[in-house]
Amino acid sequence: MRFTRMRTARATAAAVVAVPLALGGLASHSHAQDASPSPSGTFGPGCSALSQKADTAKDKAVEAAAAYPQLSQLVSAVVRAGLSGTLDGKPDVTVFAPNNEAFQNVTASQLSSLLSDQGQLEKVLTYHVVDQQITPNELSKGSFTTLEGGKLTTSGSGTDFKVNDKANIVCGNIKAANATIYVIDAVLQPSS
């Protein structure tokens with residue numbers, strides 16, 4: 001019993017130290033971090049730029065994304081498209097979440113057109129969601145069917161991954177209660 005308490009106390013202490021490091025706020029690059037991402041920790045050069053609340057692991061997908069100011073435009077688009085219930089209602093999804101910078105790289109006329117056409121907005125947003133949990137180990141040469149019905153691919157290694165050879169994963173493996181979130185720097189477009 002005493003051994004179990006000590007082991008639990010050590011594991012808890014390790015977790016308390018590991019969480020800030022995993023979030024990038026205090027982390028420095030180490031050789032271990034560059035070699036391969038841990039399936040249980042966040043990775044990527046943009047993680048330190050994402051300020052967030054303490055723990056999104058208990059939040060559903062949309063609430064977890066809303067905790068990150070850099071995902072505010074995505075969250076607004078999801079709400080506008082009426083997809084909150086869809087995303088929060090699925091048991092295990094992966095969201096390739098375009099950050100605000102990604103939306104700023106879409107022309108004003110394209111963005112206005114997209115936001116005014118709910119059907120097209122839903123199609124684009126559901127193209128960013130896969131109805132399964134994707135671990136960092138599956139990103140090196142992945143091909144996944146999206147909720148929209150199209151295919152997206154992932155490639156890369158270590159902590160350097162791309163989606164559809166276009167979008168960089170700037171912060172990956174963020175946990176939510178029903179989702180894994182990979183923040184990307186481009187808005188993906190499904191095939192016509």
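Q: Which residues have the most contacts inside the largest nonpolar core of this predicted model?
A: A nonpolar core is a set of buried Ala, Val, Leu, Ile, Met, Phe, Trp, Tyr and Cys residues joined through side-chain atoms within 4.5 Å, where buried means under 20% relative accessible area, exposed over 50% and partly exposed in between (1.4 Å probe, protein chains only). The largest core has 36 residues, and those with the most contacts inside it are Val78, Leu125, Ile174, Ile181 and Val183.

Q: Which element gives the most residues to this core?
A: Helices (H or I, at least four residues) and strands (E, at least two) are DSSP runs, numbered from the N terminus. The elements that contribute two or more residues are H3, H4, E1, helix H6 (100-104), H7, H8, E6 and E7. With 5 residues, the element that gives the most to this core is H4.

Q: Over which residues does pLDDT stay under 50?
A: This is a predicted model, in which local features need pLDDT of at least 70 and side-chain atom pairs count only at pLDDT 80 or more, whereas totals for chains, interfaces and linings use all residues. Residues are numbered from 1 along each chain as its sequence is written, and side-chain values use heavy atoms, with hydrogens and water left out. On this scale, which gives the predictor's confidence in each residue from 0 to 100, the protein averages 81, and 77% of the residues score at least 70. The stretch for which pLDDT stays under 50, and for which the model has 29 contacts beyond four places in sequence (contact meaning heavy atoms within 4.5 Å), is residues 1-39.

Q: Which strands stand at the edges of the sheet?
A: Two strands pair if DSSP finds at least two bridges between them, and here 7 strands form an open sheet of mixed pairing in the order E2-E1-E7-E6-E5-E4-E3. Two of them have a single partner strand each, so that one side of each is left without a neighbour in the sheet; these are strand E2 (129-130) and strand E3 (141-145).

Q: How many bridges join E1 to E7?
A: E1 has a neighbour on either side in the strand order: with E2 the pairing is antiparallel over 2 bridges, and there Thr94 stands opposite Val130. With E7 the strands run parallel, and the bridge partner of Phe96 in E7 is Tyr182. The number of bridges that join E1 to E7 is 6.

Q: How many of the residues of E1 are buried?
A: In a regular strand the side chains alternate between the two faces of the sheet. In E1, Val93, Val95 and Ala97 point one way and Thr94, Phe96 and Pro98 the other, and all are buried. The strand is therefore largely enclosed by the rest of the structure, the number of its buried residues being 6 of the 6.

Q: How far apart in sequence are the parts tied together by Phe43 and Phe161?
A: Rings of Phe, Tyr and Trp (its six-membered ring) pair if their centres lie within 6.5 Å, planes under 30 degrees apart counting as stacked, over 60 as edge-to-face and the rest as tilted. Phe43 and Phe161 form an edge-to-face pair, at 5.7 Å centre to centre with 70 degrees between the planes. Phe43 lies in the loop between helix H2 (31-35) and helix H3 (61-66) and Phe161 in strand E5 (residues 160-163), so the separation of the parts is 118 residues.

Q: Which residue forms a stacked pair with Phe96?
A: Phe43 and Phe161 are both buried, and ring pairs link them into a cluster with Phe96 and Tyr182. Phe96 is in a stacked pair, 5.6 Å centre to centre and 20 degrees between the planes, with a partner that is also buried. Phe96 lies in strand E1 (residues 93-98) and the partner in strand E7, so the pair ties together parts that are 86 residues apart in sequence; that partner is Tyr182.

Q: Which residue forms a salt bridge with Lys90?
A: A salt bridge is a side-chain nitrogen of Lys or Arg within 4 Å of a carboxyl oxygen of Asp or Glu, and the whole structure has 2. In one of them, Lys123, partly exposed at 28% relative accessibility, pairs with Glu148, the closest N and O atoms being 3.7 Å apart. Lys90, which counts as partly exposed at 23%, has its closest N and O atoms 3.6 Å from those of its partner, Asp131.
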